[in-house]
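Dear colleague,

I am passing on the structure we spoke about, which you will find just below. After it I have set out what was found, place by place, so that you can follow along in the viewer.

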2 protein chains.
Amino acid sequence: MLPSTRALASDLGLARGTVVEAYAQLQAEGYLTARRGSGTRVAKIPVSTREAAGRLAARAEPDRRARPPRFSFHPGLPDLTAFPYSAWTGALRRGLRGTPASTLGYGDPRGRSDLREALASYLARVRGVVADPELIVVCGGFSHGLALLSRALQARGDSRIAMEDPCVTMHRSMVATAGMAVAPLPVDELGARTDLLAPRKVAAVLLAPAHQFPLGVVLHPDRRASAIAWARAADGLIVEDDYDAELRYDGQPVGALQALDPEHVAYGATASKTLAPGLRLGWFVVPPALIDAVLELRDAEDRHVPATDQIALAELLRSGAYERHVRRMRARYRRRRERLLVLLAERAPEVRPLGIAAGLRVLLALPPGGPSADDLARRAAARSIELFPLSQFHHDGEPSDPDGVVLGYGALPEYDVEAGLAALGDLLAESM
Amino acid sequence: MLPSTRALASDLGLARGTVVEAYAQLQAEGYLTARRGSGTRVAKIPVSTREAAGRLAARAEPDRRARPPRFSFHPGLPDLTAFPYSAWTGALRRGLRGTPASTLGYGDPRGRSDLREALASYLARVRGVVADPELIVVCGGFSHGLALLSRALQARGDSRIAMEDPCVTMHRSMVATAGMAVAPLPVDELGARTDLLAPRKVAAVLLAPAHQFPLGVVLHPDRRASAIAWARAADGLIVEDDYDAELRYDGQPVGALQALDPEHVAYGATASKTLAPGLRLGWFVVPPALIDAVLELRDAEDRHVPATDQIALAELLRSGAYERHVRRMRARYRRRRERLLVLLAERAPEVRPLGIAAGLRVLLALPPGGPSADDLARRAAARSIELFPLSQFHHDGEPSDPDGVVLGYGALPEYDVEAGLAALGDLLAESM
């Protein structure tokens, strides 16, 4: 039972109205109860807020971030120190000035029309994609689009998707979370074994035709043809992961598979390699038969990518700053790749670099008789060097023959490239 | 069959290497086939790219954006012209300068730790939320968190959720898309009939205790107690939609229900009313029992909200600029509300404004004998005024008794408030 508002106000030297207001507020929030004629009481709340707060705080904190290694050869990250900070904020400022305020309301689930038009023109020119802006969906990265497509397939009754083996580990778990079973598709030196795709076994296949991850091969023309033939015969879906085609160092990248059959290929790409994964920006050109299902899922969740990031990206694309940045980064990564190959030839000639001259990484095939990739990664970790054994990208997690390391040269900050490569050279020279 | 590279190079006056490269590229992309000894041929592609492109273009374009009305009284939108452009871009620039580059890599699925800490402190202070930063998940708006929670419930085998009737239409379809059945929960002048919740009938209930949408009532203390009692008895989940608590004009808003039982209440709020929906920024405090399931879904899709927007929001919260903006907007909307009430008293005294002095809207109860809300909305549309009948927020879409219009005064740009209110006054005066 609480004192009357009059008594408490007098005790505390406050205006009575203040106390009345406080009682009313605490009553409205459920901490006090008041019945006419019986005064004000503390409400019966079975567990006190304080207790609950204590229990929550006592919950073990998951250790989500381990101490970062001195040198990371992560195969999927660009050099984040090269992010064009001022170009980005400048583009956002200019873009915000140039768009009506309604831009900041609820927008089109596919993304802003000016961004989709800029993307369509860029993709057609640079990648040969058949890109209708009406069929472009701007997503929270490539993975978001992959998840939406998987869920759209699952919702229409499909149950299996073929995925390259080895492939991006995260993609496998994403597809599985969307409720689809994963059928492994082997990869050889001609790329994914699309000749093994059979009608009615899988509803879709995820391919990275321009640069297979992590093996680094290009899908051979015959295999491209097999993939398209399968998609037509089975009315299947090819999801094309075109994650790093802008970063080819020895000529033009092979054009997008999507152009061969826009009704059976969903084309997806990302700003994660050219700008930064933290932007969570990707884009898909979705076949007409699937666009409504994808947008329904979009509408029922986060609705669309933030207007701010769309505005900045559209402005960068329109002004040409995006392509200038990509050219700068291409030159930077090409230099790193060349330095890495020289280093390998000098310090570990037994290790064979595999894969086309492209992207942010090279596959190091380890010689028989030397340490396994797992061993090498453990030795590296002892020197605070992070290496990624090829085996972890295989569906069964088993080492392949030859065993290998998927070595990313993109993630190192530019100022650390010298030191990082030197440390890698020492490790390899001492281990082989 | 194509001419030999030598012949074509000579015909075109090009270096032979250029033609060889072009042939190789077209072959790699699948447009040409070459067999040793039989020359180069155009590949058989069943449908030409050009045909496919034509068919895609011919697909009817959905008319997703109708011409906007002259005056919109949308009940869920803030004044987008008041978005703090320079504060936002300034916060982003300062924030980017102050964070390491690794910030732009793949981040924590819950959001950046500095943003979660800023939110926890803000929510504890302003809303009395028991907010452990470890349990905060930054989402693409409130709706995104609602969808994630619904899917997490659905994945663990739950099948029904109770939702206020009437409520936000979009929330109903979101929950349904996530695979949950919706049980309508009536709302009266004391708020949602939480006293009707029975164990084992529903797994969760979505409530807006501080300001029911669209009726504008506050959940009565007894109903708060019933909700908590139900959640404890049924081990059920309350999803608290705290979408506009910062905008209360006649005193302090009622504190968050979540504080009464953080283990059974998922607290969600948004920047959509205080800043802009286009930012797609919301935040949830998730009960410990559900956090892992929510983060698993997050990890398997867009992973996290863009780093850029998180950085800007964290900086705005830390610097106090967010609260200054909210105070400015609160004063602006309060003035509009007062002007609207005066206008109603003068020009349409038969129309009763209902709901607490809060948020971006008021419920107009229409007098019996006058036009229905649907009629009024049609008359308004003829003058390019957008009105929202209460019936469209009811689960069955039927008009309630009394019939009403959910009138938003937030969406008008400040420069249009005078003209918009005058047009509304004319419409009401002529229609009643």
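**Backbone features and local packing**

Asp235(B) counts as exposed, since its relative accessibility is 54%. Please keep in mind throughout that this is a predicted model. Asp235(B) sits in the loop that runs between H8 and strand S9 (237-241) of chain B, and its phi is near 50 degrees, which is a positive value in a residue other than glycine.

A second residue in chain B can be described in similar terms. Arg280(B), although it is not a glycine, has a positive phi of about 50 degrees, and its place is the loop between strand S10 (265-270) and strand S11 (282-285) of chain B. Is Arg280(B) buried or exposed? With 3% relative accessibility, Arg280(B) counts as buried, whereas Asp235(B), as noted above, counts as exposed.

Two cis peptide bonds are worth locating next. In chain A, the peptide bond leading from Asp165(A) to Pro166(A) is cis, with omega near 5 degrees, and Pro166(A) belongs to the loop between strand S5 (160-165) and helix H7 (169-177) of chain A. In chain B, Phe213(B) and Pro214(B) are joined by a cis peptide bond whose omega is about 0 degrees, and Pro214(B) is found in the loop between strand S8 (204-207) and helix H8 (221-234) of chain B.

Turning to the start of chain B, helix H1 (residues 5-12) and helix H2 (residues 16-28) of that chain pack at an angle of about 120 degrees, and their axes are 8 Å apart. Because of that angle, H1(B) is oblique to H2(B), and the crossing in which H1(B) passes H2(B) is right-handed. On the side of H1(B), the residues that meet H2(B) are Thr5(B), Arg6(B), Leu8(B) and Ala9(B), and their counterparts in H2(B) are Arg16(B), Val19(B), Val20(B) and Tyr23(B). Sorted by class, this contact of H1(B) with H2(B) has five nonpolar residues, one polar residue and two charged residues.

Further along chain B there is a hairpin. Strand S1 (residues 32-35) and strand S2 (residues 39-42) of chain B pair in the antiparallel sense over four bridges, and within this pairing Ala34(B) stands opposite Thr40(B) in S2(B). Three residues lie between the two strands of the hairpin of S1(B) and S2(B), where Gly37(B) takes a positive phi near 90 degrees.

Chain A, for its part, has an open sheet of three strands in the order S12-S13-S15, with antiparallel pairing. Which strands form its edges? They are strand S12 (352-354) and strand S15 (404-408) of chain A, each of which pairs on one side only, and the twist from one strand to the next averages 30 degrees. Within the sheet, strand S13 (residues 361-365) of chain A is joined to S15(A) by five bridges, the two running antiparallel, and Leu364(A) stands opposite Val405(A) in S15(A).

Finally, Pro399(A) lies in the loop between strand S14 (385-386) and S15 of chain A, and it is partly exposed, with a relative accessible area of 45%. Although Pro399(A) and Asp374(A) are 25 residues apart in sequence, their C-alpha atoms are 8.7 Å apart in space.

With best regards

Key. Residues numbered from 1 in each chain as written. Chains lettered and ligands numbered in written order. Predicted model: local features only at pLDDT ≥ 70, side-chain atom pairs only at ≥ 80, totals over all residues. Heavy atoms only, no water. Axes fitted to C-alpha atoms, helices over the stretch in contact; angles between N-to-C directions. Parallel < 35°, antiparallel > 145°, perpendicular 65-115°, else oblique. Left-handed = near helix turned anticlockwise from the far one by under 90°. Contact = heavy atoms within 4.5 Å. Nonpolar A, V, L, I, M, F, W, Y, C, P; charged D, E, K, R; others polar. Buried < 20%, exposed > 50% of the residue type's maximum accessible area, 1.4 Å probe, protein only. Pairing = 2+ DSSP bridges.
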